[in-house]
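Open the model in your viewer and keep a selection prompt at hand. The stops below are meant to be taken in order.

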Amino acid sequence: MADSRRIVDALVRSRRGGIAASAALGGLALIGGLAYRALRGTAPPETGGPDFSTVDEDEARLMLRAMVAATIADGMVDTAERKRLDAAVAEAGIDSDGRAWLDRELESPAEIDEIAERVNEPEAAARIYAAARLAIDPDTLQERQFLKMLAEALDVPGEATARIERDIAA
């Protein structure tokens, strides 16, 4: 499936309010900016900084897998989550193969260790964590526990996860 970047982008932009509402540059750029601030404690430079909108398909697929796993961490996809996911898939314009892949992922989501073992650098780890956090409003104990375990498995420092949380809640 070569549509992961578009789905991740659409899912992030589909969030209402907060920092995601300002994702004019796109969801992937928002994820990259969150990760940059989280790890460095400062905003990226206005000019000459990294291009956060360019993420390879493998990392985007891993982001999407983490987002799906976070979405069903509490054992169900509620009506609002499903509606948002369907809208993002429609906006991304993925084909039937992409939809089938996503349905399979929802039926059998990736395990945290499976996600973490594919991440080899701190920047990618922070991006994967930020994507998973943007996928949900952690309003259940299971969702909060999932995020905590994901951060630990990815070796995302506690201060970085706290910055991501503050930025998303702003």
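Start with H2: the elements that cover its buried residues include H1, H3, helix H7 (122-135) and helix H9 (158-169). Helices here are DSSP runs of H or I with at least four residues, strands are runs of E with at least two, and both are numbered from the N terminus. Buried means under 20% relative accessible area, exposed means over 50%, and partly exposed lies in between, with a 1.4 Å probe and protein chains only. Cover is judged by contact, that is, heavy atoms within 4.5 Å.

Before going further: this is a predicted model, in which local features need pLDDT of at least 70 and side-chain atom pairs count only at pLDDT 80 or more, while totals for chains, interfaces and linings use all residues. Residues are numbered from 1 along each chain as its sequence is written, and side-chain values use heavy atoms, with hydrogens and water left out.

**Stop 1: H2**

Select residues 27-40, the 14 residues of helix H2. From first to last C-alpha H2 reaches 20 Å, close to the 20 Å expected at 1.5 Å a residue; the expected span is 1.5 Å times one less than the number of residues. H2 is mostly covered, with 11 of its 14 residues buried. Among them are Gly27, Leu28, Leu30, Ile31, Leu34 and Tyr36.

Now show the side chains of Tyr36 and Arg40. Arg40 lies over the face of Tyr36, 4.3 Å from the ring centre. The criterion is NZ of Lys or CZ of Arg within 6 Å of the ring centre and within 35 degrees of the ring normal. Move on to Gly41, just after H2, which takes a positive phi of about 75°.

**Stop 2: Asp9**

Select Asp9, in helix H1 (residues 4-13). Is Asp9 buried or exposed? Asp9 has a relative accessible area of 15%, so it counts as buried. Not counting residues up to four places away in sequence, Asp9 touches Gly26, Gly27 and Leu28. A polar atom of the Asp9 side chain lies 3.2 Å from the backbone nitrogen of Leu28. A polar contact is a pair of N or O atoms within 3.5 Å; within protein, one must be able to donate a hydrogen and the other to accept it, and residues adjacent in sequence count only if both atoms are side-chain atoms.

**Stop 3: H3 and Arg65**

Select H3, whose 15 residues should span 21 Å at 1.5 Å a residue; the end C-alpha atoms are 21 Å apart, which agrees. H3 is mostly covered: 13 of its 15 residues are buried. At its N-terminal end, Asp56 acts as a cap, with a side-chain oxygen 3.1 Å from the backbone nitrogen of Asp58.

Within H3, pick Arg65. Its relative accessibility is 14%, so Arg65 counts as buried. Which side chain is joined to that of Arg65 by a polar contact of 2.8 Å? The partner is Glu105. Leaving aside neighbours within four places in sequence, Arg65 is in contact with Trp101, Glu105, Ala110, Glu114 and Ile115.

**Stop 4: H5**

Follow Glu105 into H5, where the buried residues are Gly98, Trp101, Leu102, Glu105 and Leu106. They cover an arc of only 140° around the axis, which puts them on the same side of H5; the arc is that of the directions from the helix axis to the C-beta atoms. The face turned away from that buried side carries the exposed residues Ser96, Asp97, Arg104 and Glu107. Helix H3 (57-71) and H4 are among what covers the buried residues of H5.

Centre on Leu102, which counts as buried at 4% relative accessibility. Neighbours within four places in sequence aside, Leu102 is in contact with Leu64, Val68, Leu85 and Val89.

**Stop 5: Val89**

Step across to Val89, in helix H4 (residues 79-92). Val89 counts as buried, at 3% relative accessibility. Its contacts, leaving aside neighbours within four places in sequence, are Ile94, Arg99 and Leu102. Add Asp3 to the selection: Val89 and Asp3 are 86 residues apart in sequence and 9.4 Å apart in space, C-alpha to C-alpha.

**Stop 6: Asp155**

Finish at Asp155, in the loop between helix H8 (141-154) and H9. Asp155 is exposed, with a relative accessible area of 66%. Although not a glycine, Asp155 has a positive phi of about 60°. Most residues other than glycine have a negative phi.
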